[in-house]
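Work through the exercises below with the sequence and the coordinates open. Try each task before reading its solution.

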Amino acid sequence: MERVGMKVFSGNANLPLAEAICKELGLPLGDMKVGHFADGEINVKINETVRGYDVFLIQPTSEPVNDHLMEALICTDAFKRASVSHINLVMPYYGYARQDRKTSGREPITAKLVADLLATAGVDRVITVDLHAGQIQGFFDIPVDHFQGGSLLADYFEPLVKDNPSDWMVVSPDLGGVTRARAFSHLLNLPIAIIEKHRPEANVSEVVDIIGNVEGKNCIIIDDIIDTAGTITNAADYLTKRGAKDVYITASHAIFSGNATDKILQSSVKKCVVTNTVKVDEAKMNHKIEIISIAPLLAEAIRRVYSFKSVSGMFTR
């Protein structure tokens with residue numbers, strides 16, 4: 001089918017981000033209604049022609065994750081049946097990614113299940129940010145453009161670090177995050193420390209020890225997700241007890257479940273810096289939280305994907 005243009009649509013997950021992306025692209029947001037029937041089933045109606053267009057659907061799987069995932073699937077089906085040229089799902093936060101392997105018997109691998117669901121629904125390409133584990137790209141049988149939010153976060157910290165870089169250190173909150181922390185430290189040319197923790201159950205962690213000397217240092221703890229904030233605030237408090245000066249926490253995805261922002265407010269954290277891959281409830285905001293827009297990065301990704309230009313140059317700072 002001949003391509004006739006590009007259109008951008010959004011589900012209900014993060015409408016402000018979709019509007020910001022459209023502003024960057026100089027395009028109007030597509031006219032589509034995503035509502036519910038009386039029994040809670042999702043109802044989608046596309047109110048303009050999309051035949052032959054390359055469609056970009058902006059839809060992270062943020063809370064409520066099941067509703068937003070189903071919205072993505074149902075919107076995809078609607079676009080497919082409306083004879084679009086290509087369906088590109090811009091899913092800045094890819095939910096169900098924390099179960100990417102079996103750690104004990106009788107467990108699902110939900111990261112693979114969601115990948116299969118999206119491909120089966122008719123998604124042709126996925127654009128995402130900071131997958132919980134990089135190997136999740138391999139779960140897809142369709143192209144996946146996986147961007148890192150670290151460069152945007154590094155841009156925030158660079159002015160703070162540049163005058164006295166010897167006073168700063170990047171900290172990984174656990175052994176599994178070392179690769180991410182090292183990549184972030186290279187952007188700022190800083191050393192790293194590693195927190196060793198024990199996780200007795202989901203969303204619960206205990207700090208065991210730290211590899212590296214943080215005494216007298218300003219520390220930046222970097223992770224991909226801040227969910228309940230228990231792990232990362234415990235880590236911040238532990239660093240403070242070990243002699244760190246100011247402790248910053250940063251991540252791409254601000255899930256902020258439950259009373260996460262209260263934990264951040266009451267902890268020793270000086271500032272929490274996140275992107276807007278997920279819409280943060282205004283009621284959860286406080287003076288310690290700062291949000292950086294990822295819309296320019298995603299808009300440029302959309303431009304390049306649509307025009308068949310290389311996106312590899314976007315993977316470096």
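**Exercise 1: A loop with a positive phi**

Classify N189 as buried, partly exposed or exposed, then place it and describe its backbone.

Solution. N189 has a relative accessibility of 69%. Exposed means over 50%, so N189 counts as exposed. The model is a predicted one. N189 sits in the loop between α5 and β9. Its phi is positive, about 55 degrees, although N189 is not a glycine.

**Exercise 2: A proline in that loop**

Find where P191 lies, classify its exposure and list its contacts beyond four places in sequence.

Solution. Start with the location. P191 belongs to the loop between α5 (178-188) and β9 (192-201). Next, exposure. The relative accessible area of P191 is 42%. Partly exposed covers the range between 20% and 50%, so P191 is partly exposed. Now the contacts. With neighbours within four places in sequence set aside, P191 is in contact with W168, M169, V170 and S185. Finally, take a distance. P191 and A181 are 10 residues apart in sequence, and their C-alpha atoms are 9.6 Å apart.

**Exercise 3: Two more backbone features**

Which peptide bond is cis at P64, and what is the phi of S83?

Solution. The cis peptide bond joins E63 and P64, with omega about -5 degrees. P64 lies in the loop between β4 (53-58) and α2 (65-81). Turn to S83. Its phi is near 65 degrees, a positive value in a residue other than glycine. S83 is placed in the loop between α2 and β5 (86-91). Its relative accessible area is 19%. The cut-off for buried is under 20%, so S83 is buried.

**Exercise 4: Helix α4 and its partners**

Compare the span of α4 with the expected one, list its buried residues, and find what A154 and L152 lie across from in sequence.

Solution. Helix α4 covers residues 150-161 and has 12 residues. From first C-alpha to last it reaches 15 Å, close to the 16 Å expected at 1.5 Å a residue. Its buried residues are G150, S151, L152, L153, A154, F157 and V161.

Take A154 in helix α4. Its relative accessible area is 0%, so A154 is buried. A154 and F184 are 30 residues apart in sequence, yet 7.0 Å apart from C-alpha to C-alpha.

Now take L152, also placed in helix α4. L152 and L297 are 145 residues apart in sequence and 8.8 Å apart in space, C-alpha to C-alpha. Leaving aside neighbours within four places, L152 is in contact with I292, S293, I294 and L297.

**Exercise 5: Helix α8**

Check the span of α8, list its buried residues and say what follows the helix.

Solution. Helix α8 runs over residues 295-306, which makes 12 residues. At 1.5 Å a residue it should span 16 Å. Its end C-alpha atoms are 16 Å apart, so the two values agree. The buried residues of α8 are A295, L297, L298, A299, A301, I302 and V305. L297 is thus on this list, and L297 is also one of the contacts of L152. After α8 comes F308, with a positive phi near 60 degrees.

**Exercise 6: A threonine in α7**

Is T261 buried or exposed, and which residues does T261 touch?

Solution. T261 is part of helix α7 (residues 260-266). With a relative accessible area of 6%, T261 is buried. Leaving out residues up to four places away in sequence, T261 touches F256, K284, N286 and I289.

**Exercise 7: The whole chain**

Count the helices and strands, then compare the radius of gyration with the globule rule.

Solution. The chain has 8 helices and 14 strands. Its radius of gyration is 20 Å, close to the 20 Å that the globule rule gives for 317 residues, so the chain is as compact as a globular protein of that length. The C-alpha trace spans about 60 × 45 × 35 Å along its principal axes.

Next, burial and contacts. Buried residues make up 52% of the 317 residues. Among contacts with a separation of 6 or more, 63% are between residues 24 or more positions apart.

Last, surface and charge. The accessible surface is about 14600 Å², and 49% of it belongs to carbon and sulfur atoms. The chain has 33 positive and 39 negative charges, and their mean positions are 2 Å apart.

Definitions and conventions:
Residues are numbered from 1 along each chain as its sequence is written. This is a predicted model: local features need pLDDT of at least 70, side-chain atom pairs count only at pLDDT 80 or more; totals for chains, interfaces and linings use all residues. Side-chain values use heavy atoms; hydrogens and water are left out. Helices (H or I, at least four residues) and strands (E, at least two) are DSSP runs, numbered from the N terminus. Buried means under 20% relative accessible area, exposed over 50%, partly exposed in between (1.4 Å probe, protein chains only). Contact means heavy atoms within 4.5 Å. The expected span of a helix is 1.5 Å times one less than its number of residues. The radius of gyration is taken over C-alpha atoms; the globule rule is 2.2 Å times the number of residues to the power 0.38. Accessible areas come from the Shrake-Rupley method with a 1.4 Å probe; for residues, only the protein chains shown count as cover. Lys and Arg count as positive and Asp and Glu as negative; His and the chain ends are not counted. The place of a charge is taken as NZ of Lys, CZ of Arg, CG of Asp or CD of Glu.
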